[in-house]
Amino acid sequence: MTDPIADYLTRLRNAIMAGHRVVEIPTSKMKREITKILFDQGYILNYKFEDANAPKGTIKIALKYDPVDKVCAIKNLHRISRPGLRQYTGYKDMPRVLNGLGIAILSTSQGVMTNKEAKERKIGGEVLCYVY
């Protein structure tokens, strides 16, 4: 597999389109950090790291749906930076996703964080994906 983050986003996207409540994803440090951000921002209901110390651990993610409409909280996941085409940004020209309603997840020198947090800390980095 050449792009594990794209695989992570695709597994989430497929689970949402199929209407699943829980999705299992192979783990890595980057995927754990992205999952924590999605939970903190309210896009997923809950998560659990199973066998986190083992090299082949998994992440179980409980997807968040509206109780009335049965619509998922995540409308779209869009991969920006790819292995063949990296996309970097500085803190002055930070991307705004859906006019501030969505988030961009960045990989910076101080860890993985959202575009709003990176702008507050005045650091730039690689734009991993957009979530809205």
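Me: Why is proline 26 called partly exposed in this predicted model?
Reply: Its relative accessible area is 33%. Buried means under 20% and exposed over 50%, so a value in between counts as partly exposed.

Me: Where is proline 26 found, and what does proline 26 touch?
Reply: Proline 26 is in strand β1, residues 22-26. Leaving aside residues up to four places away in sequence, proline 26 touches Arg11, Lys31, Gly57 and Thr58.

Me: What makes cysteine 72 buried?
Reply: Cysteine 72 has a relative accessible area of 7%, and the cut-off for buried is under 20%. Cysteine 72 is therefore buried.

Me: What makes cysteine 129 buried?
Reply: The relative accessible area of cysteine 129 is 0%. Buried means under 20%, so cysteine 129 is buried.

Me: How many disulfides does a search of the whole structure find?
Reply: Zero. For cysteine 72, the nearest cysteine sulfur is that of cysteine 129, 14 Å away. A disulfide needs two cysteine sulfur atoms within 2.5 Å, so cysteine 72 is in no disulfide.

Me: Why are helices α1 and α2 called oblique to each other?
Reply: Helix α1 (residues 4-18) and helix α2 (residues 29-40) pack at an angle of about 40°, with their axes 10 Å apart. Angles under 35 degrees count as roughly parallel and 65 to 115 as roughly perpendicular. The angle of about 40° is in neither range, so α1 and α2 are oblique.

Me: Which residues of α1 and α2 meet?
Reply: Pro4, Ile5, Asp7, Tyr8 and Leu12 in α1 meet Met30, Lys31, Ile34, Thr35 and Leu38 in α2. The residues of this contact comprise seven nonpolar, one polar and two charged.

Technical notes. Residues are numbered from 1 along each chain as its sequence is written. This is a predicted model: local features need pLDDT of at least 70, side-chain atom pairs count only at pLDDT 80 or more; totals for chains, interfaces and linings use all residues. Side-chain values use heavy atoms; hydrogens and water are left out. Buried means under 20% relative accessible area, exposed over 50%, partly exposed in between (1.4 Å probe, protein chains only). Helices (H or I, at least four residues) and strands (E, at least two) are DSSP runs, numbered from the N terminus. Contact means heavy atoms within 4.5 Å. Axes are lines fitted to C-alpha atoms, for helices over the stretch in contact, and angles run from 0 to 180 degrees between N-to-C directions. Angles under 35 degrees count as roughly parallel, over 145 as roughly antiparallel, 65 to 115 as roughly perpendicular and the rest as oblique. Ala, Val, Leu, Ile, Met, Phe, Trp, Tyr, Cys and Pro count as nonpolar, Asp, Glu, Lys and Arg as charged, and the others, Gly among them, as polar.
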